[in-house]
Amino acid sequence: MTSTSTPPGLARFNDLEEPAALTALHEACASTAWARRLLAARPYATPEALYSASDAATAELGEADLAEAMAGHPPIGRPRPGDPTSAREQSGMAGAADGLKAEMLELNLAYQERFGHVFLICATGRTGEEMRDAVKERIGNPPEREREIVRTELGKINRIRLARLVEEDA
């Protein structure tokens, strides 16, 4: 496939110098193993090829790689200051009532104490109540089950972030 048939945002990503591409990928997912795997498979002919490569790389993350990826995500309800990505993704908590925010903080802490990592959910499009209900439901999961749910949620987040990367204007 020629660069003229590749969508412009994807063509830009394919053409980035390796350090710039690695930086862009790290903004999508904090796992170095994930980013390096996607980087090694460039160029991508279609966005779907990139998303499929992301899914495969996410599925193969080891425990340390998954922990590295999760460490790149702030707790729900507490987006990183100055980080428009986490603020946008967590917008469902932005207008939540103070009581819900306080409850979410408590649930985040309980979840982190139980599982040893941040509660990870694809928050895009979810309300504060939906995220609260999800953490309440998931906190009772066995660690092995929760790890697979986290991997699935990470995959959803990675796809959304990659789509933004390859669809952005120059």
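Helix α1, which spans residues 8-15, has G9, L10, A11, F13 and N14 as its buried residues. These buried residues of α1 pack against three other helices, namely α2, α4 (47-59) and α10. The structure described here is a predicted model, and the points below follow α2 and α10 onward, to the largest pocket and to one buried residue.

**The largest pocket**

- The largest pocket holds about 330 Å³ of space, and of the 17 residues that line this pocket, A24, E27, A28, T85 and R161 are the closest to its centre.
- At least two residues of the lining come from each of the helices α2 (18-28), α6 (84-89) and α10 (143-167).
- Among the contributors to the lining, α2 gives the most, with four residues, and α2 is also one of the helices against which the buried residues of α1 pack.
- In chemical character the lining of the largest pocket is mixed, since its residues divide into seven charged, six nonpolar and four polar.

**A buried residue in α10**

- E146 belongs to helix α10, a helix that supplies at least two residues to the lining of the largest pocket and that also packs against the buried residues of α1.
- Is E146 buried or exposed? E146 counts as buried because its relative accessibility is 0%, while the cut-off for being buried is under 20%.
- When residues up to four places away in sequence are not counted, E146 touches Y111, F115, R138 and N141.

Definitions and conventions. Residues are numbered from 1 along each chain as its sequence is written. This is a predicted model: local features need pLDDT of at least 70, side-chain atom pairs count only at pLDDT 80 or more; totals for chains, interfaces and linings use all residues. Side-chain values use heavy atoms; hydrogens and water are left out. On a 1 Å grid over the protein atoms alone, a cavity is a set of points where a 1.4 Å probe fits but cannot get out, and a pocket is an open set with protein on both sides within 12 Å along at least five of seven lines; lining residues have an atom within 4 Å of a point. Grid points are joined across faces, edges and corners, and a volume is the space filled by probe spheres set on the points. Ala, Val, Leu, Ile, Met, Phe, Trp, Tyr, Cys and Pro count as nonpolar, Asp, Glu, Lys and Arg as charged, and the others, Gly among them, as polar. Buried means under 20% relative accessible area, exposed over 50%, partly exposed in between (1.4 Å probe, protein chains only). Contact means heavy atoms within 4.5 Å.
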